[in-house]
Amino acid sequence: MKLLTIGALAASAGVHVETVRFYQRKGLLPEPERLPGSIRRYGQSDLERLHFVKSAKGLGFSLEEIGQLLKLADGTHCREAAELASRHLASVQARLGELHRIEDALRKQLEACKSRQGNFPCPLIESLREHTTGSSTFHVGNLRSSLPSMR
């Protein structure tokens, strides 16, 4: 593989040039030396690393977690990588639980909206008006649906 400019590297990986620069600032991708009077050139290992970061990002790993995975990427740290992935999976499962609770609450609010006929206040709008900052409970008529906070 010939050496690539940052634009060619970004295009090859399917990301923007600013994404490459951002990953460099975060320490996820090294910034190659610039020869005097020349532009920086990237090689196959840079492209592979960028694909690794993009794949991990696609699985929802944080940039910090990706940095940890990159430190373990020599292939001899499977146990440590698996522990990190297990913690990430637990976080994903917790977020899924929160999303399911939100889905249920929204479904109940929509059902309440559909059951109303005539010139009555919308239960969904009213429940959002009744919601106070910091509270995690939405009111739908006589129906109370507890929603998690989305940090």
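Contact here means heavy atoms within 4.5 Å. With that in hand, welcome to a short tour of this predicted model.

**View 1. The whole chain runs through helices before it reaches its strands.** The chain holds 6 helices and 2 strands, and their order along the sequence is α-α-α-α-α-α-β-β. Of its 151 residues, 28% are buried. Take the contacts between residues at least 6 apart in sequence: 46% of them join residues at least 24 apart.

**View 2. V20 sits in the largest nonpolar core.** This core has 20 residues, and V20, L9, L50 and I66 are the ones that touch the most other members. Helices α1 (6–13), α2, α3 and α4 (63–71) each supply at least two residues of the core. Looking past its neighbours within four places in sequence, you will find V20 in contact with I6, L9, A10, V15, L29 and L50.

**View 3. R49 lies in helix α3, which spans residues 44–58.** Is R49 buried or exposed? Neither label fits: R49 counts as partly exposed because its relative accessibility is 29%, between the 20% and 50% limits. Beyond its neighbours within four places in sequence, R49 is in contact with G27, L28, L29, P30 and L70. L29 is thus worth a second look, being a contact of R49 and of V20. A73 is 24 residues from R49 along the chain, and their C-alpha atoms are separated by 9.8 Å.

**View 4. The largest pocket holds about 210 Å³ of space.** Its lining is made up of T5, I6, R21, Q24, R25, E31, R34, I39, R40 and Y42. By class, these are 5 charged, 3 nonpolar and 2 polar residues. Which helix gives the most to this lining? That is helix α2 (residues 17–25), with 3 residues. I6 links this view to View 2, as I6 lines the pocket and is in contact with V20.

**View 5. C113 and C122 come without a disulfide.** Why is there no bond between them? The closest cysteine sulfur to that of C113 belongs to C122, but the two are 3.5 Å apart, which is too far for a bond, since a disulfide needs the sulfur atoms within 2.5 Å. The count of disulfides comes to 0. C113 is partly exposed, because its relative accessible area is 21%. Another cysteine, C78, counts as exposed because its relative accessibility is 59%.

Notes: Residues are numbered from 1 along each chain as its sequence is written. This is a predicted model: local features need pLDDT of at least 70, side-chain atom pairs count only at pLDDT 80 or more; totals for chains, interfaces and linings use all residues. Side-chain values use heavy atoms; hydrogens and water are left out. Helices (H or I, at least four residues) and strands (E, at least two) are DSSP runs, numbered from the N terminus. Buried means under 20% relative accessible area, exposed over 50%, partly exposed in between (1.4 Å probe, protein chains only). On a 1 Å grid over the protein atoms alone, a cavity is a set of points where a 1.4 Å probe fits but cannot get out, and a pocket is an open set with protein on both sides within 12 Å along at least five of seven lines; lining residues have an atom within 4 Å of a point. Grid points are joined across faces, edges and corners, and a volume is the space filled by probe spheres set on the points. Ala, Val, Leu, Ile, Met, Phe, Trp, Tyr, Cys and Pro count as nonpolar, Asp, Glu, Lys and Arg as charged, and the others, Gly among them, as polar. A nonpolar core is a set of buried Ala, Val, Leu, Ile, Met, Phe, Trp, Tyr and Cys residues joined through side-chain atoms within 4.5 Å.
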